[in-house]
Amino acid sequence: MEQIPRRPGQESKVNQSAERENAQIQGNSIVLTHPTEAEMKVRRAAAAREERMRKRKHKRNVRLAAALAIIAACVLAYFTGLYGASLALLGDAVDSVTIALTPGKGFPIPFTLSGFQSALPLAGGFAAVGDKDLAMYSANGNEVRRIQHGYARPSITAGSTRVCIYNRAGHELRVESRSRTLYEAKMEDPIQLCTMSPNGTLAVFTRGRLRVYDPMFKEIYVFKTQDLPTAMSFAEDNRRFAAGVPYAEGGMLGGRVYLMDTRRSEYVTISNNEGVPVRLQYLTGKKIMVLYDSFAAVYSTEDGTELSRYDYGGRMLQSTAFSEGRTPILLFGDGVHSAMTQLTILNSELEEIGRANVNANANRVAAGREGAFVLTNNGVLCYALDGVFCGKVETQTKPEDLVRGRKTFLLGQNQVSVLEMPARPEPQSAA
């Protein structure tokens, strides 16, 4: 047989290939060979390249979704004629996209706000005000803005994406987005209380009248009164709102609640001589819950008819909160005697669904995403929404506040952390 001539070195390569095959397959078993360092570098580079491509694709999808949302809002503005308000909301949408594309630092984060006053949820994060500054934080842990306000008695109210800071008993207010000042105003009369709806509609209660402004700060409603407010709230439709005021009649201190609508001049008045309203919460478009200092009640928004009531039985109301499902959470006590501190949780029909004896000196109650939280001087007591105690989260310093944003944020004196709800205890089996 004629042999095919081989090039130099070809025979040795064939033999080496055969040897490798024999080494890898022995006795019908497969022997795995380890990749070389060069091969590992190639694989790591490929994985890193794939991760970068995935992140770029995610950012493109976010930008595309934001662009489509903005285009849809522009089309809606064109066909509905809501040019001014829509443009204001478009700016808020652009802020949301920009913040979402900014990498987060994660929690815990430093919290350097002197003279802390209060905090409120804001676009998944939160806004906090101190005696000198207003600070806004995103849900991913970045400080978005910090503004020096110069107000003697600063207070805040917030919508979904903007916050109003005002000088209580003073004349000044300003509305801020997460990127810029939207407008500033100086009222003729001292400001008593402000509240903001989800879309940025603002109600300003001054001495002598109540004014409501749309998101472009155009006056759309005026209500003249000599009452002084103790509580205000907007419904989800940004049109209906309520104001609670105290009043004295026949030597007795009671309260009134005005149910108003920016689209009409008629309003409904709810009066009683048993308690002063301290908090208002729309349950639906047809129901509103009023927490008084001595009892709670649910009313029809159409005619003010009382639908249900819960009496406190002489207990002193110290603090209130509402869960995501609009479940009222009541903390009773005086902040001094631990034996008097009690937590009560109601449903939307004002039926008691949970109760717990706290047995600690409490400062206030807050509602997280999964339960009720009682803030003490050295930690947070955590309860399920049926009153079951789940555990205590101890803190090195006194907790300042707890805010329900995209996560449950615990504000301390020098840092903000994410509070994780302790696991519910397992029920004990009968012996």
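This is a short tour of a predicted model, with suggestions on what to select at each stop.

**Before you start**

Residues are numbered from 1 along each chain as its sequence is written. In this predicted model, local features need pLDDT of at least 70 and side-chain atom pairs count only at pLDDT 80 or more, while totals for chains, interfaces and linings use all residues; side-chain values use heavy atoms, with hydrogens and water left out.

**The whole protein**

Show the cartoon first. The protein has 3 helices and 34 strands; both are DSSP runs numbered from the N terminus, with at least four residues for a helix (H or I) and at least two for a strand (E). Of the 431 residues, 44% are buried (under 20% relative accessible area; exposed is over 50% and partly exposed in between, with a 1.4 Å probe and protein chains only). Switch on the surface and you see about 23,500 Å² exposed, with carbon and sulfur atoms supplying 50% of it (areas come from the Shrake-Rupley method with a 1.4 Å probe).

**A four-stranded sheet**

Now select residues 277-282, which are strand E20, and continue to E23 at 306-311. Here is an open sheet of 4 strands in the order E20-E21-E22-E23, paired antiparallel (two strands pair if DSSP finds at least two bridges between them). E20 and E23 stand at the edges with a single partner strand each, so one side of each is left without a neighbour in the sheet. On average, neighbouring strands here are turned by 15° against each other, direction ignored (axes are lines fitted to C-alpha atoms).

Walk through the sheet strand by strand:

- E20 and E21 are joined by 5 bridges and form a hairpin with 4 residues between them. Pick Gln-281 to find Met-289 of E21 opposite.
- E21 and E22 (residues 295-300) also have 5 bridges, and their hairpin has 2 residues between the strands. Val-290 has Ala-297 as its bridge partner.
- E22 and E23 pair over 5 bridges; this time Ala-297 is matched with Arg-309.

Pause at E21, residues 287-292: 5 of its 6 residues are buried, so this strand is largely enclosed by the rest of the structure.

**Aromatic pairs**

Next, display the aromatic side chains. The whole structure holds 16 aromatic pairs (rings of Phe, Tyr and Trp, the last by its six-membered ring, with centres within 6.5 Å; planes under 30 degrees apart are stacked, over 60 edge-to-face and the rest tilted). Select Tyr-258 and Tyr-267: their ring centres are 5.9 Å apart and their planes at 80°, so the pair is edge-to-face. Which of the two is buried? Tyr-258 is, with a relative accessible area of 8%, while Tyr-267 is partly exposed at 40%.

Tyr-312 and Phe-332 form another edge-to-face pair, 5.2 Å centre to centre with 65° between the planes. Tyr-312 lies in the loop between E23 and E24 and Phe-332 in E25, so the pair ties together parts that are 20 residues apart in sequence. Both residues are buried.

For an aromatic cluster, select Phe-107, Phe-111, Phe-116, Phe-126, Tyr-137 and Phe-409.

**The largest nonpolar core**

Finish with Leu-173, Leu-202, Val-204, Leu-210 and Met-260, which touch the most other members of this 27-residue core (a nonpolar core is a set of buried Ala, Val, Leu, Ile, Met, Phe, Trp, Tyr and Cys residues joined through side-chain atoms within 4.5 Å). Zoom in on Leu-173, whose contacts (heavy atoms within 4.5 Å) include Tyr-151, Ile-191 and Phe-217.

How values were computed: Axes fitted to C-alpha atoms, helices over the stretch in contact; angles between N-to-C directions. Lists of a residue's contacts leave out its neighbours within four places in sequence.
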